[in-house]
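Reader: Please take one part of this model and walk me through it closely. I would like the strands that pair with one another, strand by strand, with their surroundings.

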Amino acid sequence: MKKFAVVLCGCGPMDGSEIHESVMTLLAIDRNECQYTIFAPDADQFHVVNHYTKEVMNEKRNMLVEAARIARGDIHPITELKAADFDAVVFPGGYGAAKNLFNYAIKGTKAVVDAEVERVIKDFHAQHKPIGALCISPVLMAKVLGNITITVGTDEKTIHDVETFGAQHINTQQTEVIADKENMVFTTPCYMLPATIADIADCAENLIETILENI
């Protein structure tokens, strides 16, 4: 039975992990008769957004504590995530991933990556183990690894930034997966393109199945 690590960063698409992408990823792993363990940074989110009004709130929330809502409490600090213990790692998206795992949403191409997140990505890459990324998270992979091939759908501004990081981009339609087998990086667009929740389920399923074909 293959073991997946899944990295979250809160709960909610505007300031944490995208919930549909997170849950559908976990479901896809489970339906493929694999195991998952969930991790998140034990630190404050960049900010907190009221998902009803879309306004920033004057409060602080912890990524690990908030992601525990999705994990039903079964979650671990990212400092405990070791590539040697898993067969693959997956990063769901959400605007929060571009605020918390690295600050691309604020700094653009000058983004800085969380040190533990960077360690995890580099460790899996060094061990030639699959790295999956959904939605905006492929940009994080491009920032950390540079010369890889990914997709973020068809968004021209994001594609330009990805190429600035040294990565190659392939345009995709909804539910497609780009498999960079040389670097073991697997990406799918999700909400970077117009999508239904059924599309997100297909994205996650296709991503996990593609990863399993290459382990």
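Author: Start with the outside. The protein exposes about 9,500 Å². Carbon and sulfur atoms supply 47% of that area. This is a predicted model.

A few overall values set the scene. Of the 215 residues, 53% count as buried. The secondary structure comes to eight helices and 11 strands. The radius of gyration is 15 Å, close to the 17 Å from the globule rule for 215 residues, so the protein is as compact as a globular protein of that length. The C-alpha trace spans about 45 × 35 × 35 Å along its principal axes. Take the contacts with a separation of 6 or more: residues 24 or more positions apart account for 66% of them. Charges come next. There are 18 positive and 30 negative ones, and their mean positions are 5 Å apart.

Now the strands. Begin with β2, residues 35-40. Its partner is β1. Five bridges join the two, and they run parallel. One residue pair to look at is V6 and I38: I38 in β2 is the bridge partner of V6.

Next comes β1 itself, residues 3-7. This strand is mostly covered, with four of its five residues buried. β1 also pairs with β6, again in the parallel sense, over three bridges. Here F4 stands opposite A88 in β6. So far, then, β1 has pairings with β2 and with β6.

Move on to β6, residues 88-91. In a regular strand the side chains alternate between the two faces of the sheet. Check the two sides of β6. A88 and V90 are on one side, V89 and F91 on the other. All four are buried, and both faces of the strand are covered. β6 pairs with β1, and three bridges join β6 to β7. The β6 and β7 strands run parallel. Find V90 in β6: its bridge partner in β7 is G132.

The chain leading to β6 is worth a stop. K82 sits in the loop between β5 (75-77) and β6. This lysine is partly exposed, with a relative accessible area of 38%. V120 is 38 residues away from K82 along the chain, yet their C-alpha atoms are separated by 7.2 Å.

Now β7, residues 131-134. This strand pairs with β6 and also with β11. The pairing of β7 and β11 is parallel and has four bridges. A133 stands opposite T187 in β11.

That brings us to β11, residues 185-188. Its side chains point two ways. V185 and T187 go one way, F186 and T188 the other. All of these residues are buried.

β11 has another partner, β10, residues 178-180. Watch the direction here. β10 and β11 pair in the antiparallel sense, over three bridges. D180 has V185 as its bridge partner in β11.

Look at the turn of this hairpin. Four residues lie between the strands. M184 is found in that loop. Most residues other than glycine have a negative phi. M184 takes a positive phi near 60°. With a relative accessible area of 6%, M184 is buried, because the limit for buried is under 20%.

Follow the chain past β11. C190 lies in the loop between β11 and α8 (197-213). C190 also has a positive phi, about 50°, although it is not a glycine. Its relative accessibility is 0%, so C190 counts as buried.

One last site belongs to a helix. D161 lies in α7, residues 156-164. Is this aspartate buried or exposed? At 3% relative accessibility, D161 counts as buried. Leaving out residues up to four places away in sequence, D161 touches Y104 and T109. K143 is 18 residues from D161 along the chain, and their C-alpha atoms are separated by 9.2 Å.

To retrace the path: β2 pairs with β1, β1 with β6, β6 with β7, and β7 with β11. Each of these pairings is parallel. At the end of the path, β11 pairs with β10 in the antiparallel sense.

Note on methods
Residues are numbered from 1 along each chain as its sequence is written. This is a predicted model: local features need pLDDT of at least 70, side-chain atom pairs count only at pLDDT 80 or more; totals for chains, interfaces and linings use all residues. Side-chain values use heavy atoms; hydrogens and water are left out. Buried means under 20% relative accessible area, exposed over 50%, partly exposed in between (1.4 Å probe, protein chains only). Two strands pair if DSSP finds at least two bridges between them. The radius of gyration is taken over C-alpha atoms; the globule rule is 2.2 Å times the number of residues to the power 0.38. Contact means heavy atoms within 4.5 Å. Accessible areas come from the Shrake-Rupley method with a 1.4 Å probe; for residues, only the protein chains shown count as cover. Lys and Arg count as positive and Asp and Glu as negative; His and the chain ends are not counted. The place of a charge is taken as NZ of Lys, CZ of Arg, CG of Asp or CD of Glu.
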